[in-house]
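Subject: Structure handover

Hello,

Here is the structure I promised to pass on. Please open it alongside this note.

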Amino acid sequence: MKSKILILFLSMNLLHWSCTDLEEDVLDESLTGSGQAEAISGAISPAYGQVAWTWRHTNYYGLQLIPSDEAILPYRGGVDWFDGGKFMAAQQHLITPSNDLVGSAWNELTINIARSLAAIEVLQPLANEGNTTAAGALFEMKALKGYLNMLLLDSWGVVFQKDKQSEFSQVLRGQDAIDYIEEELLSVVDVINDDKGPGRMTKSAVQGLLARLYLNAAVYRDPYGTPSFTTEDMNKVIDYCDQIINSGGFSLSAEYFDLFNDNNNSNTEVIFAADQRGVMQNEHSRWAYWSIPGSLIARPEYPSSDGTDGPAITSDFYQTWVEAYGAEDPADADARFYKKNAMVPEELEDLTGLTPLNDQDHYYCVVPEEFEIDRGILRGILWGPRKDSNGEFFTCDDGVRIYPLKQVKGNGPDKDVAYVDLTLQVDFSDEGRAHHSGYRVSKYQFSHTSPNGNNYSSVDLVLMRLAEIYLMRAEAKLRSGDAAAALADVNTVRASRTARPNQTPPALSSINLDIMFRERGFELYWEGFRRGDQIRFGKYEDIWTEKTDTDVRHRLFPIPQDAIDGSSNIPEFLIQNDGY
C-alpha cells in the first residue's frame, strides 16, 4: 500500500519535476555559498519555484477564474481556445473528473506539496543540528505546505496529511482538514522570520493565511450547506488582521496598478507573492497577456509580445461596476477600474469615417521602450503599434507609430479591415465568441526586464496584500455586527488609491454583505478570490452568462479520475466528491 501511495502522491510528482523546466535558482543572497547553505537553497528553491507554475493560467489560476462570474473564455471564432471544451465546461459548472483544467491544477498543486515536503525532510536534520538558517527555511516550508493544502481544501475539499515521504498519506476533510492546516500554521507563526520579502513565507504571510482559514472555516466545515460563521472564528480573523495592520510593516499603494508592475517585489503593500525576478521562464507573463487582444503588441521593442484573445470579463461582472457608480463611468470614478497609459492626442480621438484601410496618417509616435498599454478593464477601440505586410512595425523619427488597433486575429469579417473594438457582449454564440468580444483585463504589466516581452517576467504574482487584510477584517467585523468598523476598513482601502486623485473612489456611506462582496470584487478582481467569495457569500449558485447550474455540490471540483484510478487498489483512499 505504501508503495502505491508513493507512486500516487510523491514519486509521480518527483518524476514531473524534471518536466517543468523551472530555473531553480537561489532566491535569496543570504542562502548562497557552499555546503549546508547550498543544501538549504537547493531544498527550498524547487518548492518556491513551483508556486508560479501552480498558479499558471491553465492550472490553478484558470480553475479559480473561469468558474466564477468575473470571467468567461469562449471558443474564439471557432478556432481558438476550445481546448477540448474544458473552459466552457468550467464556465457552466459542468466539469467532469476527466476535465484537463481540473487535472492540471490538481497535478501541479500536489507536485508543489511534494516539493515542500521533500524540502522539509532535507531541512529537518540540519535544523536539529542547530543550523538556524535551516530552521528558518524549515518554518517557511511548513508554512508553504499549509498554504498549498489550503488551496487543495478550498477547491476539492480534501487535505493530504503527510509529514514524511515514507508515510502513508491520510486524506482529511471538513473540521479534520481545518485542524491540520491550523496546526501546521500555528506551529510556525511565532518563530518564522519576518524579513525575507514577499517572495518567501514570513510571519505576516502566515498570519494572513490563518485569517483566511478562519474566514472560510464555515465553508470548509460544510461545503454544501449554508455557512455558519462563528464569533470565535471571526474574532481570530480580526486578531490576525490587526497584527498585520498594526505591525507597521506594510502600507497601501497609492497607485493601484503599481501592485502589478515590474518592481512590485518592493511594493510595501505586497505580503506574499510568487517571486519571478528574471528566473521563471515558464511563467511567461500569462497573467499579463492571457486576456489581451492578439492584435495588441504590448512591448514594441519585442514584436512577439502580444496577447492571446483569452478570457474576458462577463457582462454580469461589468454591471456590478455600472450599478455602483450609476451615471458616472467607472473608469472616471474608480482608479482600480482603469488607468489610461496610451496618451492619444486629442485631435486623433475622433475616428469617424476611418478604418485601417484609410488611416495611414492617423497615428502618433512613441519611443518603443516608453510605450505602455492601458491597464485595468479595457473597452472599445484600443491603440497600439501596427505592422506592415512584411511583419515590421511602421516607424517614425521618434520610434514606432501608434494607431487605432487593427484586427489581425481570427477569421471574422472584421479581420484586416476593422479596428479591434471590444464589446460588452461575450458568450458562446457566434457573435459573442468573436475575437473582439468581451471587455478585457490588463491588470499585470508586460515586463520591461523580459528579453522578449512575454517570457522571463520580473513581475511577481501577488498572492496576498494589505488591502485583502483590511477587507478580511472588514468582513469579519460586519459578520460580527460591527458595521461601522467594517465600513471604516473598506473606506480606508478605497481612499488609499490617491495617485490619480480624480479617480480615487469616494467613501461609502453604508455597508452590508452585498456591498462587502461587491467591494472585494472591485479591489481583488482577477486575483483568484472570486470563486471562493461567491461561495462564502452564497452567490455561487446564481445565474450568469452561459451558466445556469445551481447544484451546490459543484462548489467543489471533482477529484481527477486519474488520481482516483491511481489509488484504486487502496480501498476508499480517494473518494470522489458528491455530484460527480
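Below is what I found, taken topic by topic.

One caution before the details: this is a predicted model.

**Nonpolar cores**

The largest nonpolar core holds 165 residues. Which of its residues touch the most other members? They are Trp55, Leu123, Leu144, Tyr147, Trp156 and Met201. Helix H6, residues 132-156, supplies the largest share of this core, with 14 residues. A second core of 5 residues is separate from it; Ile72, Ala312, Val426 and Phe428 are among its members.

Leu144 is a good place to start looking. Setting aside residues up to four places away in sequence, Leu144 touches Ala47, Tyr48, Val51, Ser116, Met201 and Phe272.

**Helix H6**

H6 has 25 residues. From first C-alpha to last, H6 reaches 36 Å, close to the 36 Å expected at 1.5 Å a residue. Is H6 largely enclosed or exposed? Of its 25 residues, 21 are buried, so H6 is largely enclosed by the rest of the structure.

Look at both ends too. At the N-terminal end, Asn131 acts as the cap: one of its side-chain oxygens lies 3.0 Å from the backbone nitrogen of Thr133. Just after H6 comes Gly157, with a positive phi of about 75°.

**Helix H13**

H13 covers residues 466-479, which is 14 residues. The expected span is 20 Å at 1.5 Å a residue, and the end C-alpha atoms are 20 Å apart, so the two agree. Burial is extensive here: 13 of the 14 residues of H13 are buried, so the rest of the structure largely encloses this helix. Gly481 follows H13 and has a positive phi, near 95°.

**Salt bridges**

How many salt bridges are there? The count is 40. Three pairs are worth a look.

- Arg221 and Asp233 meet through their side chains at 2.9 Å, N to O. This pair links distant parts of the chain, with Arg221 in helix H8 (residues 203-221) and Asp233 in helix H9 (residues 231-246), 12 residues apart. Arg221 counts as partly exposed because its relative accessibility is 32%. Asp233 counts as buried, at 4%.
- Glu301 and Arg299 form a salt bridge, also with an N to O distance of 2.9 Å. Arg299 is buried, with a relative accessible area of 1%.
- Asp334 and Arg336 pair at 2.8 Å, N to O. Asp334 and Arg336 are buried. Salt bridges with shared partners join Glu269, Asp334, Arg336, Lys443, Arg465, Arg494, Arg497, Arg518, Glu519, Glu523 and Glu527 into one network.

**Cysteines**

There is 1 disulfide. It joins Cys365 to Cys396, with the sulfurs 2.0 Å apart. Cys365 lies in strand S5 (residues 364-366) and Cys396 in strand S9 (residues 395-396), so the disulfide ties together parts that are 31 residues apart in sequence. The two ends differ in exposure. Cys365 is partly exposed, with a relative accessible area of 29%. Cys396 is buried, with 18%. Elsewhere, Cys241 is buried as well, with 0%.

**Ser305**

Ser305 sits in the loop between helix H10 (286-289) and helix H11 (315-325). Buried or exposed? Ser305 counts as buried because its relative accessibility is 0%. Its side chain reaches the backbone oxygen of Arg299 at 3.0 Å. Arg299 is also the partner of Glu301 in the salt bridge above. Beyond its neighbours within four places in sequence, Ser305 is in contact with Leu296, Ile297, Ala298, Arg299, Phe446, Asn452, Gly453 and Asn454.

**Arg386**

Arg386 is another loop residue, found between strand S8 (383-385) and S9. Arg386 counts as buried, at 9% relative accessibility. Which side chain makes a polar contact of 2.8 Å with that of Arg386? The partner is Asp359.

Leaving out residues up to four places away in sequence, Arg386 touches Pro356, Asp359, Glu392, Phe393, Phe394, Arg401, Tyr403, Pro404, Lys406 and Tyr419. The C-alpha atoms of Arg386 and Ile297 are separated by 8.2 Å, with these positions 89 residues apart along the chain. Ile297 also appears among the contacts of Ser305.

Best wishes

Definitions and conventions:
Residues numbered from 1 in each chain as written. Predicted model: local features only at pLDDT ≥ 70, side-chain atom pairs only at ≥ 80, totals over all residues. Heavy atoms only, no water. Helix = DSSP H or I, 4+ residues; strand = E, 2+ residues; numbered from the N terminus. Buried < 20%, exposed > 50% of the residue type's maximum accessible area, 1.4 Å probe, protein only. Polar contact = N/O pair within 3.5 Å; in protein donor to acceptor, adjacent residues only side chain to side chain. Contact = heavy atoms within 4.5 Å. Salt bridge = Lys/Arg side-chain N within 4 Å of Asp/Glu carboxyl O. Disulfide = S-S within 2.5 Å. Core = buried A, V, L, I, M, F, W, Y, C linked by side-chain atoms within 4.5 Å. Expected span 1.5 Å × (residues − 1).
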